[in-house]
Amino acid sequence: MPATRSARQRKAAAEAGALATVTIDLAPDDSFAYTIACTRCEVPRPGSGTRSWSTRRRGEDNGYLAAMDRWILHLAAKHPDASAPCLAYLPEAQARLQERREQRSGRPASSDEG
Ligand SMILES: [Zn+2]
């Protein structure tokens, strides 16, 4: 039986640790979209003001992995003192990031780095 959205959300929140706010909503095509936001970091909002740092990725397990990778790298870069279960996957996250960078070499990196 597939895990429900709330079960997935609890699992993701537990993995992501105390600094993260995890939400899962339904994309227009009925797949899950994972959003992981940082409770500490703010980034400039286009126009004016700021918003919380967050990453959003769509698509069941792929979306979960992609969002969690971004979050792990954010934690490692910005909150080196934080501890979270997901940090156990830091080497894998870095390897996957490297793979994706090689796949799109020549194109500029995504603007939500950091
Ligand atoms: Zn942060």
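This briefing describes a hairpin, a nonpolar core and one helix residue. The model is predicted. Strands S1 and S2 pair in the antiparallel sense, and both strands, together with helices H1 and H2, each supply at least two residues of the largest nonpolar core.

**Hairpin of S1 and S2**

- Strand S1 covers residues 20–26 and strand S2 covers residues 32–44, and seven bridges join the two in the antiparallel sense.
- Asp 25 has Ala 33 of S2 opposite it.
- Five residues lie between the strands of this hairpin, in which Asp 30 adopts a positive phi near 75°.

**Largest nonpolar core**

- The core holds 16 residues, and the members that touch the most other members are Ala 16, Ile 36, Met 68 and Trp 71.
- H1, S1, S2 and helix H2 (60–78) are each represented in this core by at least two residues.
- The most is given by H2, which contributes six residues.
- When neighbours within four places in sequence are left aside, the contacts of Ala 16 are Val 22, Ile 36, Met 68, Trp 71, Ala 84 and Cys 86.
- In soluble globular proteins, nonpolar side chains tend to be buried together.

**Lys 11 in helix H1**

- Lys 11 is located in helix H1, which spans residues 5–16.
- Lys 11 counts as partly exposed because 13 C-beta neighbours lie inside 10 Å, whereas a buried residue requires 20 or more and an exposed one 12 or fewer.
- The C-alpha atoms of Lys 11 and Val 22 are 9.5 Å apart in space, and the two residues are 11 residues apart in sequence.

Terms used:
Residues numbered from 1 in each chain as written. Predicted model: local features only at pLDDT ≥ 70, side-chain atom pairs only at ≥ 80, totals over all residues. Pairing = 2+ DSSP bridges. Helix = DSSP H or I, 4+ residues; strand = E, 2+ residues; numbered from the N terminus. Core = buried A, V, L, I, M, F, W, Y, C linked by C-beta atoms within 7 Å. Contact = placed C-beta atoms within 7 Å.
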